[in-house]
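Visitor: Before we discuss anything in detail, could you put the sequence and the structure in front of us?

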Amino acid sequence: MRRLLPYPFVSAALFLLWLLLNESVAPGTALVGAVLALLGGWSFALLEPGTARVRRLGTALRLLGLVLADVVRSNIDVARIILGPHRVHRSGFIEIPLTLRNPQGLAALACILTATPGSAWVEYDSGEGMLLLHVLDLADEAAWVRTVKDRYEAPLMEIFP
Amino acid sequence: MTGAVDLPIWAAVPVALLLLVGAALTLIGSIGLLRLRSFYERVHAPTLGSSLGVGCVLLASMLFFSVLQTRLVVHEVLIGLFVVATTPVTLMLLARAALYRDRQEGSDQVPRRQER
């Protein structure tokens, strides 16, 4: 079973993706999808990405809701900055020491910070765990550090131990 | 194959609103490319279009086709997933390239690399 499906979740996701793209569950589509899922699983195993264990689905769902709300809020904030008068905001870099080391967790954090406008992931030093972030509205530096560490990093560390 | 005329009014209004909001956000993001001053500031602007902008347009599309075809049309979710998963790659690539170049030029506008 492990040889046939080295990454069952990847294969299941590929299968689902194929069905969704074709919008059908006809036997032919399902067969092609199954072949695609198997081939995808094998080629993914060749990359040796390591296994990701996702725990606490409840925390993950809560984080998703939080991020969606933050996306809406920061979209409004950034739109206001762009349309507002010149030179009233101050942008800049902040360094945030991260305790999160799990690569999948870091990738998720990068997606979150990029998806919320107003913050951009610039550089990450894996040796020291230092994240360099550029924020558009640097009114309160401590608040940004708190947002990243408490709001996103803490739940991510629960989800990706 | 589908006519927007057939859409009942209770669906047409939210679809139109979502489309307008999505388009407006994307437009504001593009205006930001013109108005913001430094490269690192401008990098934030297009994220408006790639986050809530694309989200609104996709929601409108899901609603429109679900109502017209009287079945759930959700494959737009895939577009959203792909956009969220791929934008960080481009954005980080651009930001790091800019940071590298600025550091090479010895600019004092960017933080220096930490000494070890």
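Guide: UniProt positions are given in the numbering used here, feature names are shortened, and annotations may be inferred rather than shown by experiment. Please also keep in mind that this is a predicted model.

Visitor: Which residues of chain B does UniProt list for "transmembrane region", and what is the helix percentage of residues 77-99 of chain B?
Guide: The unreviewed UniProt entry lists residues 12-34, 46-65 and 77-99 of chain B under that name. In the model, residues 46-65 of chain B are 95% helix and 0% strand, with end C-alpha atoms 27 Å apart. For residues 77-99 of chain B, the end C-alpha atoms lie 34 Å apart, strand is 0%, and the helix percentage is 100%.

Visitor: In chain A, how far apart are the end C-alpha atoms of residues 27-47?
Guide: According to its unreviewed UniProt entry, chain A has "transmembrane region" annotations at residues 5-21 and 27-47. Residues 5-21 of chain A are 82% helix and 0% strand, and their end C-alpha atoms are 22 Å apart. Residues 27-47 of chain A are 95% helix and 0% strand, and there the end C-alpha atoms are separated by 30 Å.

Visitor: Which helix of chain B supplies the largest share of the side that touches chain A?
Guide: The contact involves 29 residues of chain B and 30 residues of chain A. On the chain B side, α1 (9-35), α2 (39-42), α3 (47-68) and α4 (76-104) each supply at least two residues. The largest share, ten residues, comes from α4(B).

Visitor: How many residues on that side of chain B are nonpolar?
Guide: The side of chain B that touches chain A includes three charged and seven polar residues, while its nonpolar residues number 19.

Notes: Residues are numbered from 1 along each chain as its sequence is written. Chains are lettered from A and ligands numbered from 1 in the order in which they are written. This is a predicted model: local features need pLDDT of at least 70, side-chain atom pairs count only at pLDDT 80 or more; totals for chains, interfaces and linings use all residues. Helices (H or I, at least four residues) and strands (E, at least two) are DSSP runs, numbered from the N terminus. Two residues are in contact if their C-beta atoms, placed from the backbone, lie within 7 Å. Ala, Val, Leu, Ile, Met, Phe, Trp, Tyr, Cys and Pro count as nonpolar, Asp, Glu, Lys and Arg as charged, and the others, Gly among them, as polar.
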